[in-house]
Amino acid sequence: MTMAAIQDRSHADSGTGIVIDGVSHSYGSRHGSGVLALDNINLDIRENEFHALLGPSGCGKSTLLYLIGGFIPIQQGTIATRKGKVTAPGPERSIVFQNFALFPWKTVLQNIVYGLKKQGIGAAEAESRAREFINLVQLKGFENAYPSQLSGGMQQRAAIARTLAVDPEILLMDEPFGALDAQTRRVMQEELRAIWQRSRKTVVFVTHDVHEAVFLADRISIMSARPGRIQHVIDVNLPQDRGEEILERPEFLELSERIWRLVREQAISASRGEH
Amino acid sequence: MYSPILRYVPLLLMLVFWQLLTVSGLVPPEMLPGPLTVAGALWDLIVSGELVTNAVRSLSRAAAGLVAAIVVGIAAGLFMATFRPFRLLVNPIVQIFYPMPKSALIPLVMIWFGLGDSSKIFLIFLGCLLPVIVSTYNGARGVNHFFRWSAASLGATKWEVLREVVIPAAMPDILAGCRTALAFSFILMVSSEFVIAKDGVGFLISSLGDSGTYPAMFAVIFTVAAAGFAADRLYAAFARNQLRWREP
Ligand SMILES: Nc1ncnc2c1ncn2[C@@H]1O[C@H](COP(=O)(O)OP(=O)(O)OP(=O)(O)O)[C@@H](O)[C@H]1O
Ligand SMILES: [Mg+2]
């Protein structure tokens with residue numbers, strides 16, 4: 001897939017895909033002799049697609065998101081969006097980090113307002129929009145709490161609200177629901193799917209949870225154990241409108257089972273590789 | 001709970017012990033005047049206005065040196081943390097000068113700046129500068145990169161990341177460095193005035209000592225100690241208020 005293809009599609013829609021072309025990454029050495037985390041990743045994430053990344057721990061999922069986000073320099077290969085090659089972070093590619101990364105010196109409200117102000121939104125509107133998103137992630141009443149006063153799951157929801165509020169074209173999420181209890185997790189999944197359907201953005205969603213991936217995504221990439229490679233890319237042929245009822249459908253269960261087997265293969269080869 | 005008044009009971013006990021020691025006659029009063037004698041001398045110094053004028057002279061020197069050190073030190077520490085060539089240039093110099101007692105520079109500073117205010121202010125500035133630089137630098141270097149990345153991905157420029165993320169994230173270290181600097185400013189204020197001054201509390205202590213007026217000398221020493229203590233408490237309350245977000 002080339003840049004030209006991305007640009008062609010952009011005529012039809014304001015969305016943007018992500019073309020990942022031959023990307024490798026190694027840590028610990030400037031000359032590539034350190035730990036190889038990603039090995040020749042080629043992946044075409046379509047515009048407005050909800051794409052889930054599944055893979056064993058340590059396979060490089062976070063690293064791939066950091067590269068797409070432009071947080072760490074690309075050592076080999078290229079990553080391109082409609083805006084061109086990724087070289088630095090930008091507000092059109094916003095991220096929810098695995099470890100939340102809320103500013104601890106700002107309250108929940110101030111954290112969310114911060115991102116909105118950076119988009120050039122005025123103080124009054126920023127605050128009212130921040131409050132909407134606080135309600136959305138069910139943190140009403142905690143607007144003026146500092147992150148240190150919140151549980152892990154609450155901090156995670158506040159971080160999700162901060163990122164969703166700026167309405168990026170590309171939304172990168174690194175196990176965003178990892179710290180949530182099953183109940184809240186389900187609510188947040190439905191909420192995220194609904195937001196995605198309303199606002200139609202490109203989402204790259206990292207998770208360990210096969211059901212979560214199948215419920216949320218249009219396509220799922222399964223990565224191999226380290227060094228991470230894309231092992232399978234699987235289409236999720238489920239209806240666009242997905243409510244709780246879908247979880248009991250035979251197609252949902254079959255697909256989950258199939259993906260679960262593929263993920264397990266990778267996990268087993270990972271544990272073999274460690275001996 | 002541990003009440004704040006209860007916390008200072010040991011100080012009271014020390015005063016009582018000291019009074020008993022002088023009353024008992026175990027220590028000659030010219031070596032160690034009793035607390036009541038010292039309190040009397042303190043009253044005289046206050047009434048004559050001598051203590052206040054000298055204290056104002058000293059404190060204004062300390063404040064000038066300290067404020068300059070905080071401003072320059074924070075700027076230099078941030079610059080070191082963000083700009084590699086500057087770090088490579090300045091870091092070894094800072095490391096060599098940090099552990100050196102700045103009072104050793106008194107004779108040199110006297111040659112450079114003469115006997116006026118500037119020599120004392122410069123010495124206080126030098127002594128306070130290094131703890132501020134080192135703590136600002138360490139704090140700024142230690143900022144969790146996820147904070148910087150978050151701001152950048154929300155659209156902050158490099159300058160905004162520095163101002164809105166690095167500085168507040170490093171604030172606990174910066175404030176701790178300034179607290180060390182505050183203590184140094186008191187130490188250097190007195191020790192520089194011992195050597196090079198015609199007024200100030202350090203000068204007062206040494207001239208009262210030379211003339212053998214020990215109760216008054218003790219009175220000035222305790223005043224300096226009390227002022228230093230009060231400044232530190234005030235500062236600690238200010239810092240705690242700035243760092244409210246850290247408290248769970
Ligand atoms: N800063 C770093 N320095 C050195 N090695 C690193 C660094 N970050 C990650 N790695 C290595 O790169 C590999 C990929 O890490 P990454 O965090 O991307 O994995 P992950 O798939 O997100 O894992 P998890 O599911 O546990 O979050 C890991 O095996 C790790 O050893
Ligand atoms: Mg990860």
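**Exercise 1. Find the polar side-chain atoms that face the oxygen atoms of ligand 1, and say how much of the ligand the protein covers.**

Step 1: start at Arg226(A), where an N or O atom of the side chain sits 3.0 Å from a ligand 1 oxygen. Such a polar contact is a pair of N or O atoms within 3.5 Å; within protein, one must be able to donate a hydrogen and the other to accept it, and residues adjacent in sequence count only if both atoms are side-chain atoms.

Step 2: turn to the area. On its own, ligand 1 has 640 Å² of accessible area, and the protein covers 65% of that (Shrake-Rupley method, 1.4 Å probe; for residues, only the protein chains shown count as cover).

Step 3: add two further side chains. Ser62(A) puts a polar atom 2.7 Å from an oxygen of ligand 1, and Glu175(A) has one at 3.5 Å.

A word on the ground rules: this is a predicted model, where local features need pLDDT of at least 70, side-chain atom pairs count only at pLDDT 80 or more, and totals for chains, interfaces and linings use all residues. Residues are numbered from 1 along each chain as its sequence is written, chains are lettered from A and ligands numbered from 1 in the order in which they are written, and side-chain values use heavy atoms, with hydrogens and water left out.

**Exercise 2. Describe the shell around ligand 1: which residues come nearest, and which element gives the most?**

Step 1: 13 residues surround the ligand, and Ser57(A), Gly58(A), Lys61(A), Ser62(A) and Thr63(A) come nearest (near means a heavy atom within 4 Å).

Step 2: sort the shell by type, which gives 3 nonpolar, 7 polar and 3 charged residues. Here Ala, Val, Leu, Ile, Met, Phe, Trp, Tyr, Cys and Pro count as nonpolar, Asp, Glu, Lys and Arg as charged, and the others, Gly among them, as polar.

Step 3: look for the top contributor, which is α2(A) with 3 residues. Helices (H or I, at least four residues) and strands (E, at least two) are DSSP runs, numbered from the N terminus.

**Exercise 3. Work out which protein atoms are donors to the magnesium ion, and whether their residues are buried or exposed.**

Step 1: the donors are OG of Ser62(A) and OE1 of Gln98(A), at 2.0 to 2.3 Å from ligand 2. Donors are N, O and S atoms within 2.8 Å of the metal (3.2 Å for Na, K and Ca); water is not among the atoms, so sites may look incomplete.

Step 2: place them in the chain. Ser62(A) belongs to helix α2 (residues 61-69), while Gln98(A) is in the loop between β6 (93-96) and α3 (108-118), 36 residues apart.

Step 3: check accessibility. Ser62(A) counts as buried because its relative accessibility is 17%, whereas Gln98(A), at 34%, is partly exposed. The cut-offs are under 20% for buried, over 50% for exposed and partly exposed in between (1.4 Å probe, protein chains only).

**Exercise 4. Characterise chain B, then examine Glu193(B).**

Step 1: count the elements: chain B has 11 helices and 0 strands. Of its 248 residues, 42% are buried.

Step 2: take the box. Along the principal axes, the C-alpha atoms fill roughly 75 × 55 × 30 Å.

Step 3: go to helix α9 (residues 158-195), which holds Glu193(B). With 0% relative accessibility, Glu193(B) is buried, and its side chain makes a 2.8 Å polar contact with that of Ser58(B).

Step 4: contrast Ala176(B), also found in helix α9: this residue is partly exposed, at 44% relative accessibility.
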